[in-house]
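Here are a few warm-up exercises, each with a worked solution. Keep the viewer open and try each task before reading on.

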Amino acid sequence: MPETRVLRVNPTEPEKEVIAEAAAVIRSGGLVAFPTETVYGLGADALNEAAVRRIFEVKGRPPDNPLIVHIADRDSVYLLASEVPPAAEELISRFWPGPLTLVLKRTELVPAVTCGGLETVAVRMPAHPVALELIRESGVPIAAPSANLSGSPSPTTAEHVLRDLGGKIEVVLDGGPTEIGVESTVIDLTVEPPELLRPGGLPLEEVERVLGSVRVPESARGLAAFTGRPRSPGMKYRHYAPRCRLIVVEGDPEPVRRKVAELVLDLRAQGMRVGVLALDGADYPGAEVVDLGPRSDLKKVARSLFTAIRKLDERGVDVILAEGVEESGLGLAIMNRLRKASGGEFIRA
Ligand code: TXA
Ligand code: MG
């Protein structure tokens, strides 16, 4: 496999010739990483089994963890899904294109490998001109997981993608940093009541306004991630994780701040280098601090999250302490990512 080609692309008005070059790679069964509004995706022709198998290979992804199929127009959902209930149509008309993925029963057109062997398919229409143009120009739906190595934090820049997958894939479309910073919200509409499989860029409250009640299993909150029989196979693996240890400290802002300060001292006394993912500009002498933003601006916190985890990991800290946020709005997705990154190490202040 030759070097990965990095093609710069204008994120708002993608150059036709750049998209054409990337689309040719998709059509010939190759892999193209591309920006979406959430994170960078690693794309292949969703209907080409060999191409899809390569996605699993280069990511080191377990073959039972299904991929999201990305489309560029609403009508394509009827090619991929055998049943599109009225609730799905309502969600589609309100939130597509956007950070919402719907799990529906799949048609024969979709290869089983794409769906991790399940009878369902996850579909989404991304709200990013580069992603949409790439899908249109390729002329096929594009299967795309996040463009990171399985288990590591999702990529929000082309540099992140290159660090994980450079030399393993044909092309990276570099459209700059992504806007939302956490992945799409995944809703399973094949069960009654509908179930939240993964909180993400579209707040659950917005989905509930359309669907009424949505079941939120513990795994969607990043709790009980490693037990039970999860319906979304992605739930059972350690995810978003730095190489170092990560501990989440949850609770009200003041006690959280005191507990983190105390832990910084304890861990340093044990000879460790400590990093902190801080909120509201909190300062922790003796630690490497990255401020994620204010609790009042969770969009900013979500946008900075994965970059900050990668940054502290690269600085070589032994342990990262993360201040928790409230589980409402984008806070649900942020806490899911932090708890999963911790591999179960979350404590209450
Ligand atoms: O924002 C996003 O969703 C990004 C961008 C690239 O679109 N994609 C993404 O894909 O995050 P990935 O593969 O990293 O996460 C997909 C999640 C996994 O947890 C997977 O298990 C779940 O969706 N999933 C996919 N198909 C499913 C299905 N048929 N049934 C249940 N869960 C499914
Ligand atoms: Mg992923």
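**Exercise 1. Check the overall size: what radius of gyration would a compact globule of 349 residues have, and what does the protein have?**

Keep in mind that this is a predicted model. Step one: with 349 residues, the expectation for a compact globule is a radius of gyration near 20 Å. Step two: the protein has 20 Å, so the value agrees with that expectation. Step three: for the extents, the C-alpha trace spans about 60 × 50 × 35 Å along its principal axes.

**Exercise 2. Work out the order of the strands in the 10-stranded sheet, and find its edges.**

Start with the inventory: the protein has 10 helices and 15 strands. Ten of the strands make an open sheet with mixed pairing, ordered β1-β8-β2-β3-β7-β4-β6-β5-β9-β10. At its edges are β1 (5-8) and β10 (195-198), each of which pairs on one side only.

Now zoom in on one pair. β5 (residues 100-105) and β6 (residues 120-124) run antiparallel and share four bridges. One concrete contact to look up is lysine 105, whose bridge partner in β6 is threonine 120.

Finally, add helices. α5 (residues 129-138) lies across β2, β4, β7 and β8, at about 140 degrees to β2. α6 (residues 158-165) lies across β1, β2, β3 and β8, and runs at about 165 degrees to β8.

**Exercise 3. Do the same for the five-stranded sheet: which strands stand at the edges, and why is one side of each left without a neighbour?**

The order here is β13-β12-β14-β11-β15, an open sheet with parallel pairing. β13 (288-291) and β15 (346-348) each have a single partner strand, so one side of each has no neighbour in the sheet. On average, neighbouring strands are turned by 20 degrees against each other, ignoring direction.

For a pair to inspect, take β11 (residues 245-250) with β15: they are parallel, with three bridges. Valine 249 has isoleucine 347 in β15 as its bridge partner.

Then place the helices. α8 (residues 253-269) lies across β11, β12, β14 and β15, at about 170 degrees to β14. α9 (residues 298-314) lies across β11, β12, β13 and β14, at about 165 degrees to β12.

**Exercise 4. Contrast the linings of the largest cavity and the second largest pocket by residue class.**

Take the cavity to begin with. The structure holds one cavity of 30 Å³ or more, and the largest cavity has about 40 Å³ of space. Its lining includes Thr185, Leu196, Pro199 and Leu332. Sorted by class, that lining has seven nonpolar, three polar and no charged residues.

Next, the second largest pocket, with about 240 Å³ of space. Of its 14 lining residues, Gly251, Gly324, Val325, Glu326 and Glu327 lie nearest the centre. Here the lining has four nonpolar, three polar and seven charged residues. The contrast is in the charged class: seven in the pocket lining, none in the cavity lining.

**Exercise 5. Hunt for backbone oddities: which peptide bonds are cis, and where is phi positive?**

Begin with the background: most peptide bonds are trans, and most residues other than glycine have a negative phi.

- Tryptophan 96 to proline 97 is cis, with omega near -10 degrees; proline 97 sits in the loop between α4 and β5.
- Glutamate 192 to proline 193 is cis as well, with omega about -5 degrees; proline 193 is in the loop between β9 and β10.
- Aspartate 280 is not a glycine, yet has a positive phi of about 55 degrees; look for aspartate 280 in the loop between β12 and β13.

How values were computed
Residues are numbered from 1 along each chain as its sequence is written. Chains are lettered from A and ligands numbered from 1 in the order in which they are written. This is a predicted model: local features need pLDDT of at least 70, side-chain atom pairs count only at pLDDT 80 or more; totals for chains, interfaces and linings use all residues. Side-chain values use heavy atoms; hydrogens and water are left out. On a 1 Å grid over the protein atoms alone, a cavity is a set of points where a 1.4 Å probe fits but cannot get out, and a pocket is an open set with protein on both sides within 12 Å along at least five of seven lines; lining residues have an atom within 4 Å of a point. Grid points are joined across faces, edges and corners, and a volume is the space filled by probe spheres set on the points. Ala, Val, Leu, Ile, Met, Phe, Trp, Tyr, Cys and Pro count as nonpolar, Asp, Glu, Lys and Arg as charged, and the others, Gly among them, as polar. Two strands pair if DSSP finds at least two bridges between them. Helices (H or I, at least four residues) and strands (E, at least two) are DSSP runs, numbered from the N terminus. Axes are lines fitted to C-alpha atoms, for helices over the stretch in contact, and angles run from 0 to 180 degrees between N-to-C directions. Contact means heavy atoms within 4.5 Å. The radius of gyration is taken over C-alpha atoms; the globule rule is 2.2 Å times the number of residues to the power 0.38.
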